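User: I'd like to practise reading a few structural features with you. Can we take them one at a time?

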Amino acid sequence: FSMVGMGAVVTHNVPPHGLVVGNPAHLVGWVCQCGHPLERFSGALPAGARPLRCDRCARTYRADASGLRPE
């Protein structure tokens, strides 16, 4: 359920639900399983941070060491 921006050059694994863009691709946010953006940020989302909720489908996600996981 990761999303890669058009023209991005992926050189590393993309975390679950990660949104990457650029050359080389870098993480800029998170996306829901339905494809709706959850949040954009300028750094990594720390494990144990507040849950993220999708405005479109109401799914919730929590960060862990490898990315986002559904709650």
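User: Let's start with a side chain. Is R62 buried, partly exposed or exposed, going by its relative accessibility?

Analyst: Keep in mind that we're looking at a predicted model. The partly exposed class sits between 20% and 50% relative accessible area. R62 comes out at 32%, so it counts as partly exposed.

User: Which residue does R62 meet in a salt bridge?

Analyst: The general idea is a Lys or Arg side-chain nitrogen within 4 Å of a carboxyl oxygen of Asp or Glu. Here the R62 side chain meets that of E71, with 2.9 Å from N to O. E71 has 54% relative accessibility, so that one counts as exposed.

User: How many salt bridges does the structure hold?

Analyst: There are 2. Besides the R62 pair with E71, R69 forms one with D64, where the closest N and O atoms are 3.2 Å apart. As for accessibility, R69 is partly exposed at 36%, and D64 is also in the partly exposed class, at 28%.

User: Now the strands. In what order do they sit in the sheet?

Analyst: Generally, strands of a sheet pair through backbone hydrogen bonds, and the pairing can be parallel or antiparallel. In this case 3 strands make an open sheet, ordered β5-β6-β7, with antiparallel pairing. β5 (52-53) and β7 (67-70) are at the edges with a single partner strand each, so one side of each has no neighbour in the sheet.

User: How many bridges join β6 to β7?

Analyst: β6, covering residues 60-64, is joined to the antiparallel β7 by 4 bridges. Take D64 as an example: its bridge partner in β7 is G67. D64 is also the residue that forms a salt bridge with R69.

User: Last topic, cysteines. How many disulfides does a search of the whole structure find?

Analyst: It finds 0. The test is whether two cysteine sulfur atoms lie within 2.5 Å. For C34, the closest cysteine sulfur is in C32, 3.7 Å away, which is too far for a bond.

User: And why does C57 have no bond to C32?

Analyst: The reasoning is similar. C32 holds the cysteine sulfur closest to that of C57, but at 3.4 Å it is too far for a bond. If you want accessibility too, C34 is partly exposed with a relative accessible area of 31%, and C57 counts as partly exposed at 29%.

Terms used
Residues numbered from 1 in each chain as written. Predicted model: local features only at pLDDT ≥ 70, side-chain atom pairs only at ≥ 80, totals over all residues. Heavy atoms only, no water. Pairing = 2+ DSSP bridges. Helix = DSSP H or I, 4+ residues; strand = E, 2+ residues; numbered from the N terminus. Buried < 20%, exposed > 50% of the residue type's maximum accessible area, 1.4 Å probe, protein only.
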